[in-house]
Structures are given as C-alpha cells and as structure tokens.
Amino acid sequence: MVSQGERPLRPKLIAHPVPKQTPRVIVFCLDGAGYDQLMEAIRSGKAPHIAGLLGKEKSNGVFEHGFAAPHVINVLPSSTVADWSASFTGKPPALDGVPGDEWFDRQTKRFYAPVPVTVTDTGDFSAMLDDDLIGKLLKVPTVYEQLRRRAYVSMLMVYRGANLFTTVSPTAFTDLVGSLVTGTLGGEGALKSVSKTLDLDSTSKLLDAINEHGVPRLQVVYFPGIDLYTHAAADPLKAQVGYIEDYTDKAVGEVLGAYRKLGILPLTYVIFIADHGHTPVEDDDSHRRGPDDPGSPFAVLRAAGFRLRKAALTLSAEEQDYQAVVASQGFMAYVYLADRSTCVAKGEICDWERRPRFKADVMHAVRALYRANQDGDLAPQAKGTIDLIFARNSGTAPFRIFDGRRLVSVDYYLKRHPRPDLVDLKQRMEWLGEGPYGYLAGDIVLLAKASTAIAVGGRYYFAAATHYSWHGSANADDSHVPLILASEELPGEVLRHIVLDIQDADAGPPSQMDLAPLVLALLGR
C-alpha cells in the first residue's frame, strides 16, 4: 500500500546520490492537454514558467530553448491508460497488452476498468495506485526497466521498474474519480478546486521525496487535474487553457524552481507530453450511450438476442451466463462475443476460450448494430449515433470496416469515403488490433459519431456519466498531442534534431510512443 504519499519500489538504488553534473530528465505528463490548448497557454503570456523555459518562439515548432514536435499523434483509443502505457513502453496496445480504460480478457474472463467509463466500481483504479495493476498487465518493458537509472514517478499509473512512487492520498484520488464516474461531484467550480489541489499537492509530495532521497536521473510528474477539470467545464477547451495558465504552470514552476535552486536545471532536459486531447460534447442524457441508456450498444445487442454482461467489475455466480461484453472508451467501444453455440440456454456459461462464429455471432452483431444506426431498427434511439463499425474474423486479424454489405479494408473504405478528420486511422487501428494482444480490443470496435466536422449536438459518447467533453476517438482534437523538449542550455535547433533523430519513420508517423526512445537517448541508454 502507498503510505503517506510515498512508496519505495527499489530502495537500494536510491542510496547513493547522483553526481551533480550528471544529465537528468523531467517528464511533465499533462493528462488531457490538447496540442492547441497547451500552445495557446504558452503563447498567452499567462504561463510564465513554461514559456520562460522555452524562450522566444521562432518557427516550425522551434523555440529559443525548446522544440514542439508537430503532428504527434496518440494511439487508439485516445484514452488515458492505453496512451500512457504506450508512451512509457514505446509500444502500441496490441504489443503492450493494455488496450484502453476498460477491456475484457476472454482468456481469463476478467473485466478490467483501471479508469471506469461504464462501470462505477473504482476497485481497479485503486489497484493502479496501491498495487501496480498496470505494471502487472504490461507485456513489455517500461522505460524505467530499459533505462536502469534512478527514476521517480509522481502519480502516473505506469511506474513498474521505477525506484520511487509518490502520490497524494490514494483514497482522495479514488473518491474524486468515483464521483466523476457517477456524476455526483457538483459544479465546475468544485471540480476545479479539487483538481488543482490534486496537482499541487502531488507536486509537494515529489519535492519532499527529492529533498529526502536526492534528485533522480528521471523524474516523471503526472498532472491528472487538467483532464478531470476539462470533462466538467462548460466551455471545455477554453477552460482547459485557463487551467493550464493558472495551475499547471504554477506546479511546473515549483519543480523547475527546485531544480534551479539545486543548480542542476541547466543540465536537465525537460519534456512536456500529453496522452490525449478533448472534444466538446453535450452534457446531457440524450447524447450519452451508457449501459442503461436506450440506443446504446448494450441495448442494441440485447435486442438482437445476445445476453449481455452486466456493466460491473465483478459478477455474482448467477450473472456468469453472458454471451457478449461491452467495454467503453468514451468515443469508442469494444464488443466481445462468445461462440453462442456453447451457451444457447439462459443459465449456461459460454466457453470464452473458443472464438465466436464469424457469421452467426460476429456478423449477426455487426448487422444489428448497423441497422440500428441507419434506421433505428431494434433500438430507435441508436439511429445516427455510430460513425464507423470495425470487425474481424479472428482475434488478431486486421480490423475492417463494415460498409453496409461487407467488411472492407480501412484503405479501401477511405479511398472511397475520404475522412481527413480521422487522423492516421489505418495505422492506429493496426496499433490497436494487430499483435499478440490485439484480441484484447474485442471482435467489434465501434467509433461514435464524434468528429469536430459535425456540430456539437450531433456528437455521441459511450459512457455512464455525462460530461462537457470526451475523448477516445480518431478525431484531431483527441489525437494531436504535444511532445515538447526543452533545455535552458541548448538552442531549439539542437533540440529539434534530437527529437527528429529518434523518430523512426518505418514505425509509422510521429507519435507519443517516441517518448520512450527519446528519454533513453537523452540519458545515454
């Protein structure tokens, strides 16, 4: 358990101080900060600590002492746990084994919800903080394990292999997330107060740890408050800019100030990165498609004859006869199907080790969801809520798009139906589904109608709670994330070359997965 905000993970490696002239890295993880919103805050003159570190802006992302890499994308879904896992391993979900905020593992019949979206149980969220849940699930090494240098992590759920993990009271953090999931935290002002307290208190905890144990080679600083507040703000993108100016910049300044006071900031590389951005939506029940809502994937599948798994973390013995499972990511949802021939009658438990039958199970569900979306068949409220339906005929095969008649490749579909609003869709669907753990993203993936190419009133989301913004889509607002490298001592052009040198064109477009090799390169691994 976390005790008084600090947990030594590999205490023996903290014992000897790091020489003062050794290069170091700070990674500021800005949860939910969109590229445009962060850059607006930096340029506003109201974020003096971040802007002062970067210096005067020049052109093409180059600052006097920084470089903001352009066109950096995240993995799909653009959701917290999948994105941070990809950033701190350098691998996509189909390879790292962490595919979202919620998912179902058919091999173990275990439903995971480290960040609850449709379930309201925060047990897995607590397990992330208390028991390294994500570390236990990741199938590849973290950057800390690859680095083998002293590393401290503040708040971030990916910390396996670090030496020290610091946090605020886990109970307080869990209670806040629980209130968001259930919609019981009242008012934008109340959430801003709690969010800023969370970020500023966690900064104090990590500075106390540095004072006690010395400065590590790698310090990861996670600010969840940006995301929490943006969800609940009535004008979410504008409110996010203000939050970064008022609170994130202050917290960043405290950390930079501590390094400056110790005389080590000149030799420290500073990275700013986010997991995803936000897309505004209507904060009302008519745009939410949660487990109990008419027109949700749950409702359509039930009407199509599937017995649905209850939206809960754990089930009673009497609730184990489900034939379909839905796990939600905000603007995306995963559908997992059983071979229903193994569990025809109510009360019979399905053999989830067997793949679903392609025609009788997968395509039956696909066609039901498509008809419901096209004309309201089976569930009138489902009409016009889904943008795209992806499916496949085996657990790690490429996802294809249903065009109303058949499944076609993503390339084929986009050539006939260009969608410039969906960023690098083919590549990111490959990252999600093609690999040894691609089966964790389900048999069907639903993309909600959520593009900023349509009006806010036409956007829908899969979740239990209503908010003013959501994420999870392939839309640019969700998908374009900041990756900024800064140094007091180095000019921006040098920093630009450092970033561009580690980006592997053969591995796809610039992405948040470039963080791991960047950190390793900066610290000589």
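The exercises below, each with a worked solution, concern salt bridges and the disulfide in a predicted model.

**Exercise 1.** Determine which residue forms a salt bridge with Lys136, and classify both partners as buried, partly exposed or exposed.

*Solution.* Begin with the pairing itself: Lys136 forms a salt bridge with Asp131, and the closest N and O atoms of the two residues are 2.7 Å apart. That separation satisfies the criterion, because a salt bridge requires the side-chain nitrogen to be within 4 Å of a carboxyl oxygen. Next, consider accessibility: Lys136 has a relative accessibility of 54% and therefore counts as exposed, while Asp131, at 43%, counts as partly exposed. The structure as a whole holds 21 salt bridges.

**Exercise 2.** Locate the two partners of the salt bridge between Arg355 and Asp443 among the helices and strands, and state how far apart in sequence are the parts that the pair ties together.

*Solution.* The closest N and O atoms of Arg355 and Asp443 are 2.3 Å apart. Arg355 lies in the loop between β13 (332-337) and α13 (358-375), whereas Asp443 lies in the loop between α15 (425-433) and β17 (444-448), so the pair ties together parts that are 88 residues apart in sequence. As a last step, compare the classes of the two residues: Arg355 is partly exposed at 31% relative accessibility, and Asp443 is buried at 2%.

**Exercise 3.** Describe the salt bridge between Asp361 and Arg357, and then name the residues of the network that links them.

*Solution.* The side chains of Asp361 and Arg357 meet at an N to O distance of 2.9 Å. Asp361 has a relative accessibility of 0% and counts as buried, while Arg357, at 33%, counts as partly exposed. Extending the view beyond this pair, one finds a network of salt bridges that links Asp339, Arg340, Arg354, Arg357 and Asp361. In general terms, side chains of opposite charge can pair when their charged atoms come close.

**Exercise 4.** Establish how many disulfides a search of the whole structure finds, which cysteines take part, and what the handedness of the link is.

*Solution.* The search finds one disulfide, formed by Cys343 and Cys350, whose sulfur atoms are 2.0 Å apart. The angle about the S-S bond is 85°, and the link of Cys343 and Cys350 is right-handed. To settle the accessibility of the partners, apply the cut-off for buried residues, which is under 20% relative accessible area: Cys343 has 0% relative accessibility and is therefore buried, and Cys350, with a relative accessible area of 5%, is buried too.

Conventions. Residues numbered from 1 in each chain as written. Predicted model: local features only at pLDDT ≥ 70, side-chain atom pairs only at ≥ 80, totals over all residues. Heavy atoms only, no water. Buried < 20%, exposed > 50% of the residue type's maximum accessible area, 1.4 Å probe, protein only. Helix = DSSP H or I, 4+ residues; strand = E, 2+ residues; numbered from the N terminus. Disulfide = S-S within 2.5 Å.
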